[in-house]
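Open the model in your viewer and switch on the cartoon and the residue labels. The stops below go from one selection to the next.

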Amino acid sequence: QLQASGGGLVQAGGSLRLSCAASSRTFSSHVMGWFRQAPGKEREFVAAIRWGSGKNYYADPVKGRFTISRVGAENTMYLQMNSLRPEDTAVYYCARGNGYSTTTTDYNYWGQGTLVTVSS
């Protein structure tokens, strides 16, 4: 089970840090990811991290602004979001899969989502 938290309302240019806590052990072979879904749009890939190596991946719209990380001892993943824009407004979901992918169907477990609203 995954529990996402940290969303909220922030002005454009501001920052937020999302957390995703896993209740079951995350293994080095797992990949953890963040996706987001804006109103009326499909869920899209944001970032992912290989649990064992820490290698990370980002969607082009967030490169240079968002940073994904994990703390193995806490079984928790983070998404530091800086320089937020109104177009970043969405429900953010964390997910766990068995390999790197930008496709939602390749992730087996999902958190409940946390709402991020960026005002202009």
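Select strand S3, residues 16-22: is this strand mostly covered or mostly open, and how many of its seven residues are buried? The strand is mostly covered, with five of the seven residues buried. Keep in mind throughout that this is a predicted model.

**Stop 1: the S1 side of S3**

Add strand S1, residues 2-5, to the selection. S1 pairs with S3 in the antiparallel sense, over four bridges. Two of the facing positions can be labelled by residue. Serine 5 stands opposite serine 19 in S3, and alanine 4 has cysteine 20 in S3 as its bridge partner.

**Stop 2: the S8 side of S3**

Next select strand S8, residues 76-81. S8 runs antiparallel to S3, and six bridges join them. To locate this pairing, label leucine 18, whose bridge partner in S8 is leucine 79.

**Stop 3: the hairpin**

Now add strand S7, residues 66-71. S7 and S8 are antiparallel too and are joined by six bridges. Label threonine 67, which stands opposite glutamine 80 in S8. Four residues lie between S7 and S8 in this hairpin. In the turn, select asparagine 75, which has a positive phi of about 55°.

**Stop 4: the whole sheet**

With these selections shown together, the four strands form an open sheet in the order S1-S3-S8-S7, with antiparallel pairing. S1 and S7 are its edge strands, each pairing on one side only. On average, neighbouring strands of the sheet are turned by 15° against each other, direction ignored.

**Stop 5: the largest core**

Switch to side chains. Which residues have the most contacts inside the largest nonpolar core? They are Trp34, Met77, Leu79, Met81 and Tyr92, in a core of 27 residues. The elements that give two or more residues to this core are S1, S3, S7 and S8, together with strands S4 (31-37), S5 (44-50), S9 (90-97) and S11 (114-119). S3 gives the most, with four residues. In soluble globular proteins, nonpolar side chains tend to be buried together.

**Stop 6: methionine 81**

Centre the view on methionine 81. Leaving out residues up to four places away in sequence, methionine 81 touches Gly14, Ser15, Leu16, Leu18, Arg65, Phe66, Tyr92 and Val116.

**Stop 7: the other core**

Finally, select Val31, Ala59, Ala95 and Tyr107. These are among the eight residues of another core, which lies apart from the largest one.

Definitions and conventions:
Residues numbered from 1 in each chain as written. Predicted model: local features only at pLDDT ≥ 70, side-chain atom pairs only at ≥ 80, totals over all residues. Heavy atoms only, no water. Buried < 20%, exposed > 50% of the residue type's maximum accessible area, 1.4 Å probe, protein only. Pairing = 2+ DSSP bridges. Axes fitted to C-alpha atoms, helices over the stretch in contact; angles between N-to-C directions. Core = buried A, V, L, I, M, F, W, Y, C linked by side-chain atoms within 4.5 Å. Contact = heavy atoms within 4.5 Å.
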